[in-house]
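Please look through the sequence and the model below before reading on. The report that follows walks through the places where ligands and empty spaces meet the protein.

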Amino acid sequence: MSVDLILGLQWGDEGKGKIVDFLTDSYEIIARFQGGPNAGHTLEFDGIKHVLHTIPSGIFHSKVENLIGNGVVIDPVIFKKEIENLNQFEIDLYSKLLISNKAHIILPTHKILDATSEISKGKSKIGSTLRGIGPTYMDKTGRNGIRVGDIFEKNWEEKYDLLCKKHLKIINSYEKKIEFNLEKINEEFFEAVKKLKQFKVINSQFYLSNAKKSGKKILAEGAQGTLLDIDFGTYPYVTSSTTTAAGACTGLGIAPKDINEVYGIFKAYTTRVGSGPFPTEINDKDGEIMAKVGNEFGSTTGRARRCGWLDLVALKYAIQINGVTQLVMMKGDVLSNFKKIKICTSYNNKDNSNDVFPFNLSKNEIIPIYTEFPGWEKDISNITSENELPKKFMNYINFIEKELKIPIKIISVGPDRKQTIFR
Ligand code: GDP
Ligand code: IMO
Ligand code: MG
């Protein structure tokens, strides 16, 4: 089988949606393997911008099948809205979109639990997207969850009531309360479940295994990024799934030996939305310029993303964990506005292990060490081939490649599908 992976190397929002869409023509199946509607994957072409949350980013290509894998958590309400948004395009969703019967379902009370937990944490809140992700994965690993396959069973509403009651007990045990109308949200939820049931719900690991036998090419689409991984990210300021390459095996039921290329995607700088340490964060005007020019507002929650310089210590760590074979660099065009550009090449660390991604990334523990580059100060967003790129831009690229020892195969210079340079 030829399964390639594409996954984020930073704190998410690297541009995965755009590149999955760009690469889709070379594949027959696009499969999301983890996360849920905390993701917001943006695609732009023909003057239209699309944001996908649960549905894989190959959905606009008519010949391709798109699978929501077992490692994904699905909110039927958000899923229904996504489907309604796509109805205006001529996509045969009922045959091209497949859903694993083992994917877990986000209940309305999971979202309330998420919000209540965040409020109770006060200043130390995670900055979650409030989409119920943490509580749903907790129920999955706690062996209480409800899976897509369950909603076809006769007694599934009893299961639902039982879990809902359990959640309400926990919600009531919190000191700080939030208001909600359970009857109303339940009504909306069950209406959305009806929609979900209209789709092809399958034993997806067998489907992928058969695809393997018939020589089909599969691209596994990650959500979030390596530094948000439940094990290897900046815990506890992480999401609740395995965002790294191993997550594609558990989230789709594919064997490690079947993985071929691992595309690691990163922005030419760094962003983070939500709480948690961020060594190269810029707190002055440069950060504001980056946010404004890069339009750094969350695709899911609309929150402002924190901005900072590229961090090679973190990138090397992400490459190591994922076994990246090819790199994709996004948003170099945003840096056209800077006279001087910095790259963090090491950390001045208390224990002097300056190129190791530390256990504690907090500002009191480490100081980033930078190498400075002169900016190219030219608009590159209309450039379509590598040899037209400014020399100073290529110096920036060459430095990164030399440090990371992996080729940058794709350079993105704007949000549109066409603003992509393949090397
Ligand atoms: P994802 O979650 O990894 O799919 O990324 P998001 O869609 O959340 O965020 C990436 C944002 O950057 C989106 O608004 C994209 O339209 C935009 N984008 C992607 N590539 C480029 C690029 O090369 N240049 C610029 N200026 N914007 C880009
Ligand atoms: P895509 O796929 C950026 C962040 C949240 C928060 C933390 C935990 O678009 O790159 P959660 O709701 O998962 O419990 O939130 O993770 N986060 C993301 N940040 N891009 C994402 O997805 C994210 N999904 C979650 O902001 O800090
Ligand atoms: Mg995003």
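How do the residues of the shell around ligand 2 divide into nonpolar, polar and charged? In this predicted model, the shell around ligand 2 is made up of 7 nonpolar, 10 polar and 3 charged residues.

**Ligand 2 and its surroundings**

There are 20 residues around ligand 2, and those that come nearest are Asp13, Lys16, His41, Thr129 and Thr239. Thr239 takes part through its side chain, where an N or O atom is 2.6 Å from an oxygen atom of ligand 2. The backbone is involved as well, since a backbone N or O atom of Val273 lies 3.0 Å from an oxygen atom of ligand 2, and a polar backbone atom of Gly127 is 3.4 Å from an oxygen atom of this ligand. Taken alone, ligand 2 exposes 540 Å², and of that area the protein buries 98%.

Asp13, one of the residues that come nearest to ligand 2, also has a notable backbone value: although Asp13 is not a glycine, its phi is positive, at about 60°. Asp13 is found in the loop that runs between strand S1 (2–8) and helix H1.

**Ligand 1 and its surroundings**

Ligand 1 is surrounded by 20 residues, of which the closest are Lys16, Thr42, Ser299, Asp333 and Ser412. Lys16 therefore deserves a second look when the two lists are read side by side, as Lys16 is named among the closest residues for ligand 1 and among the nearest for ligand 2. By class, the shell around ligand 1 has 4 nonpolar, 8 polar and 8 charged residues. Helix H1 (16–23) and strand S3 (41–45) each supply at least two residues of this shell.

The polar contacts of ligand 1 include atoms from both backbone and side chain. A polar side-chain atom of Thr42 lies 2.5 Å from an oxygen atom of ligand 1, while a polar backbone atom of Gly15 is 2.8 Å from an oxygen atom of the ligand, and a backbone N or O atom of Glu14 lies 3.1 Å from an oxygen atom of ligand 1. Taken alone, ligand 1 exposes 590 Å², and the protein buries 95% of that area.

The table gathers the polar contacts described for the two ligands.

| Ligand | Residue | Part of the residue | Distance to a ligand oxygen atom |
|---|---|---|---|
| Ligand 1 | Thr42 | side chain | 2.5 Å |
| Ligand 1 | Gly15 | backbone | 2.8 Å |
| Ligand 1 | Glu14 | backbone | 3.1 Å |
| Ligand 2 | Thr239 | side chain | 2.6 Å |
| Ligand 2 | Val273 | backbone | 3.0 Å |
| Ligand 2 | Gly127 | backbone | 3.4 Å |

**The pocket and the cavity**

Which space does ligand 1 take? The space taken by ligand 1 is the second largest pocket, and the volume of this pocket is about 560 Å³. The pocket is lined by 27 residues, and the closest to its centre are Thr42, Gly294, Arg305, Lys331 and Pro415. The elements that give two or more residues to this lining are H1, S3 and strand S4 (48–52). Divided by class, the lining of the second largest pocket has 7 nonpolar, 10 polar and 10 charged residues.

A search of the whole structure also finds 1 cavity of 30 Å³ or more, and the volume of the largest cavity is about 30 Å³. Its lining consists of Gln10, Trp11, Leu227, Thr270, Leu310, Asp311, Ala314 and Leu315, which divide into 5 nonpolar, 2 polar and 1 charged. Strand S14 (310–311) and helix H11 (312–322) each supply at least two residues of the lining of this cavity.

**A cis peptide bond**

One further backbone feature can be found along the chain. The peptide bond from Tyr235 to Pro236 is cis, with omega near 5°, and Pro236 has its place in the loop between strand S10 (217–221) and helix H9 (246–252).

Notes. Residues are numbered from 1 along each chain as its sequence is written. Chains are lettered from A and ligands numbered from 1 in the order in which they are written. This is a predicted model: local features need pLDDT of at least 70, side-chain atom pairs count only at pLDDT 80 or more; totals for chains, interfaces and linings use all residues. Side-chain values use heavy atoms; hydrogens and water are left out. A residue is near a molecule or strand if one of its heavy atoms lies within 4 Å of it. A polar contact is a pair of N or O atoms within 3.5 Å; within protein, one must be able to donate a hydrogen and the other to accept it, and residues adjacent in sequence count only if both atoms are side-chain atoms. Accessible areas come from the Shrake-Rupley method with a 1.4 Å probe; for residues, only the protein chains shown count as cover. On a 1 Å grid over the protein atoms alone, a cavity is a set of points where a 1.4 Å probe fits but cannot get out, and a pocket is an open set with protein on both sides within 12 Å along at least five of seven lines; lining residues have an atom within 4 Å of a point. A molecule sits in a cavity or pocket if more than half of its atoms lie within 2 Å of its grid points. Helices (H or I, at least four residues) and strands (E, at least two) are DSSP runs, numbered from the N terminus. Ala, Val, Leu, Ile, Met, Phe, Trp, Tyr, Cys and Pro count as nonpolar, Asp, Glu, Lys and Arg as charged, and the others, Gly among them, as polar. Grid points are joined across faces, edges and corners, and a volume is the space filled by probe spheres set on the points.
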